[in-house]
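Hi everyone, thanks for making time today. Let me put the structure up on the screen, and then we can walk through it together.

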Amino acid sequence: HGSSGVYVTTPRVTRDVGEARVRGAVTNAGRAPRALRVVATVRDAAGARVSEAATTVRVAPGAEGAFQLALPPVRAPRLWSPDDPYLYTVATEVWDGDRLADRVTSPL
């Protein structure tokens, strides 16, 4: 099994703040250049949005374009423990204009 190609890291997590970063790449299999919008959204266990960041990746035909997003910090995150296995999720979406081209959901 291979990776989805989207990588979520948490460079800093404390009781006061949780930071997340998302990186990956998008491929343009088309014959024209594309400006693809990548949106990463952190949601709590109830589905409420707690952080979001976006960027535009310009990709030549047949090429790959890397992206990296540093999401705004989550204030007072609920920390995971064996007694309270609380998880957030990160949804990373690739938009080609108004069309959702891809979506990867990662636990956090």
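Let me start with a small puzzle: which backbone oxygen lies 2.6 Å from a polar atom of the side chain of S51? The backbone oxygen belongs to P72. Before going further, please keep in mind that what you see is a predicted model.

Let's stay with S51 for a moment. S51 sits in strand β4, which covers residues 49–59. Is S51 buried or exposed? S51 is buried, because its relative accessible area is 5%, and buried means under 20%. Setting aside residues up to four places away in sequence, S51 touches A40, T41, V42, L71, P72 and V74. So P72 shows up twice for S51: in the list of touching residues and, through its backbone oxygen, at 2.6 Å from the side chain.

Now let's step back and look at the whole chain. The protein chain has 8 strands and 0 helices. Reading from the N terminus, the elements run β-β-β-β-β-β-β-β. The C-alpha trace spans about 50 × 30 × 25 Å along its principal axes. Of the 108 residues, 31% count as buried. And if you take contacts between residues at least 6 apart in sequence, 53% of them join residues at least 24 apart.

Next, the inside. How many residues does the largest nonpolar core have? The answer is 20, and those with the most contacts inside this core are V22, V26, V38, A40, V57, F67 and L71. The elements giving two or more residues to the core are β2, β3, β4, β5 and β7. Strand β3 provides the largest share, with 4 residues. As a bit of background, nonpolar side chains in soluble globular proteins tend to be buried together.

You may have spotted A40 there, since S51 touches A40 too. Leaving out residues up to four places away in sequence, A40 touches V22, S51, E52, A53, L69, L71, V90, A91 and T92. Among those partners, V22 and L71 are also on the list of core residues with the most contacts.

Let's turn to the pockets. The largest pocket has a volume of about 310 Å³. It is lined by 20 residues, and V26, T27, L36, V94 and D102 are the closest to its centre. Four elements give two or more residues to this lining: β2 (17–27), β3 (34–43), β7 (89–96) and β8 (99–107). Which element gives the most? That is β8, with 5 residues. By class, the lining of the largest pocket has 9 nonpolar, 6 polar and 5 charged residues.

The second largest pocket has a volume of about 250 Å³. Its lining has 18 residues, and T10, V13, P77, Y88 and L108 lie nearest the centre. Here the elements giving two or more residues are β1 (7–13) and β2, and β2 gives the most, with 3 residues. The lining of the second largest pocket divides into 13 nonpolar, 3 polar and 2 charged residues.

To finish, three more residues to find on your screens. Start with S106, in strand β8. S106 is buried, because its relative accessible area of 12% is under the 20% cut-off. Apart from neighbours within four places in sequence, S106 is in contact with V8, Y88, T89 and V90. Y88 is a residue we just met beside the centre of the second largest pocket, as one of those nearest to it.

Then there is A63, in the loop between β4 and β5 (64–70). A63 is partly exposed, with a relative accessible area of 25%. Beyond its neighbours within four places in sequence, A63 is in contact with V26, T27 and N28.

Last comes R15, in the loop between β1 and β2. Is R15 buried or exposed? R15 is exposed, because its relative accessible area is 67%, over the 50% cut-off. Although R15 and R75 are 60 residues apart in sequence, their C-alpha atoms are 8.4 Å apart in space. With neighbours within four places in sequence left aside, R15 is in contact with A76, P77 and L79. And P77 is among the residues nearest the centre of the second largest pocket.

That's my tour, and thanks for listening!

Conventions: Residues are numbered from 1 along each chain as its sequence is written. This is a predicted model: local features need pLDDT of at least 70, side-chain atom pairs count only at pLDDT 80 or more; totals for chains, interfaces and linings use all residues. Side-chain values use heavy atoms; hydrogens and water are left out. Buried means under 20% relative accessible area, exposed over 50%, partly exposed in between (1.4 Å probe, protein chains only). A polar contact is a pair of N or O atoms within 3.5 Å; within protein, one must be able to donate a hydrogen and the other to accept it, and residues adjacent in sequence count only if both atoms are side-chain atoms. Contact means heavy atoms within 4.5 Å. On a 1 Å grid over the protein atoms alone, a cavity is a set of points where a 1.4 Å probe fits but cannot get out, and a pocket is an open set with protein on both sides within 12 Å along at least five of seven lines; lining residues have an atom within 4 Å of a point. Grid points are joined across faces, edges and corners, and a volume is the space filled by probe spheres set on the points. Ala, Val, Leu, Ile, Met, Phe, Trp, Tyr, Cys and Pro count as nonpolar, Asp, Glu, Lys and Arg as charged, and the others, Gly among them, as polar. A nonpolar core is a set of buried Ala, Val, Leu, Ile, Met, Phe, Trp, Tyr and Cys residues joined through side-chain atoms within 4.5 Å.
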